[in-house]
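Q: I am new to this structure. Can you take me through its pockets, its cavity and its helix packing?
A: Yes. Have the sequence and the model open as we go.

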Amino acid sequence: MELPHPRTGDLFDSPVPPGSGWPGDPADATTPVAKTAAQVRRLAARVSTVPELDALVSVCRACPRLVKWREEVAVAKRKSFADQPYWGRPATGFGAEAPGIFIVGLAPAAHGANRTGRVFTGDRSGDFLFAALHRAGLANQAVCVDAADGMQLIGTRMAAAVRCAPPANAPTPAERATCAPWLQAEWRLVGPSVRVVIALGGFAWRAALELLGSTIKPAPKFGHGATVTLTSEFGPVTLLGCFHPSQQNTFTGRLTEAMLDDLFVTARRLGNEPAG
């Protein structure tokens, strides 16, 4: 059953078919669909622009368990969003195409990005994160509720290591490996301008170390404010660890606004420095 988008009023099925007019949808009915890990690797290896990558990511169907889950959630919905259509597809990266700062998270939330179609948008974790980005001058507004709300990131891009909402927020090792070429392709395209990578949580930290080609043994330990300078294929990059802005962390005070503000101010300073 088609339902109206909460901002535009346009009617959409859940999940949203590519090319049907959803705000920010990068794909259309002709976009190639990866259905296996091998197809993900092949398509990711030859992509040449960020918009092309976003289109391919947004229609990926390579992980059967994740596809089934994200689409079941899009149909069943949360009661508070029962009158809205759900995106129900992978969440692409979002933000500048030549960023100084690249933020990496784990995966979309079932009723956040899986509903809104934009990474970190539409749940309390995203509310906390985008408000801090705005205070640091890295976003044009503090409120981020849907893909048509006018949010723009300034010198910053964000992406999830796994692009589909997973059951219990826990993708399997095989699903992580299948999805990894999308993040690697994104880094190949945006990495030349990046001076700072922020990892939201321990899994994102490990993904970022792999992305940046770290060979440090033992591997640098994750923690909030942990800082490692690495030499990527594009030059020196500072990796910053950040506790994930989950409700568990923010409600308990493990991650406070002041802690996040301090980290983003540091990231902004480092992100504006020229490559060494």
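Q: By class, how many residues of each kind are in the lining of the second largest pocket?
A: First, where the numbers come from: this is a predicted model, in which local features need pLDDT of at least 70, side-chain atom pairs count only at pLDDT 80 or more, and totals for chains, interfaces and linings use all residues. Residues are numbered from 1 along each chain as its sequence is written, and side-chain values use heavy atoms, with hydrogens and water left out.
A: Now the classes. Ala, Val, Leu, Ile, Met, Phe, Trp, Tyr, Cys and Pro count as nonpolar; Asp, Glu, Lys and Arg as charged; the others, Gly among them, as polar. Here the lining has eight nonpolar, five polar and five charged residues.

Q: What is a pocket, and which residues lie nearest the centre of the second largest one?
A: Take a 1 Å grid over the protein atoms alone. A pocket is an open set of points with protein on both sides within 12 Å along at least five of seven lines, and lining residues have an atom within 4 Å of a point. In this case 18 residues form the lining, and Gly-24, Asp-54, Thr-92, Gly-93 and Phe-94 lie nearest the centre.

Q: Which elements supply at least two residues of that lining?
A: Elements are DSSP runs numbered from the N terminus: helices (H or I, at least four residues) and strands (E, at least two). Helix H2 (50-58) and strand E3 (94-95) each supply at least two residues. The largest share, three residues, comes from H2.

Q: How is volume read, and what is it for the second largest pocket?
A: Grid points are joined across faces, edges and corners, and the volume is the space filled by probe spheres set on the points. The second largest pocket holds about 300 Å³. The largest pocket holds about 680 Å³.

Q: What lines the largest pocket?
A: Its lining has 27 residues; Ala-109, Asp-123, Ser-125, Asn-169 and His-244 lie nearest the centre. Helix H5 (124-135) and helix H7 (202-211) are the elements that give two or more residues. H7 gives the most, with three. By class, the lining has 14 nonpolar, ten polar and three charged residues.

Q: What is a cavity, and how many of 30 Å³ or more does the structure hold?
A: A cavity is a set of grid points where a 1.4 Å probe fits but cannot get out. The structure holds one of 30 Å³ or more. The largest cavity has a volume of about 100 Å³.

Q: Which residues lie nearest the centre of the largest cavity?
A: Cys-60, Cys-63, Leu-66, Cys-164 and Cys-179 do, out of 17 lining residues. Helix H3 (64-76) and H6 are the elements that give two or more residues to this lining. H6 gives the most, with four. By class, twelve are nonpolar, one is polar and four are charged.

Q: How do the axes of H6 and H7 cross?
A: Two packed helices are described by the angle between their axes and the distance between the axes. Axes are lines fitted to C-alpha atoms, for helices over the stretch in contact, and angles run from 0 to 180 degrees between N-to-C directions. The axes of H6 (residues 173-190) and H7 come within 11 Å and cross at roughly 60 degrees. H6 and H7 are therefore oblique to each other. Under 35 degrees counts as roughly parallel, over 145 as roughly antiparallel, 65 to 115 as roughly perpendicular, and the rest as oblique.
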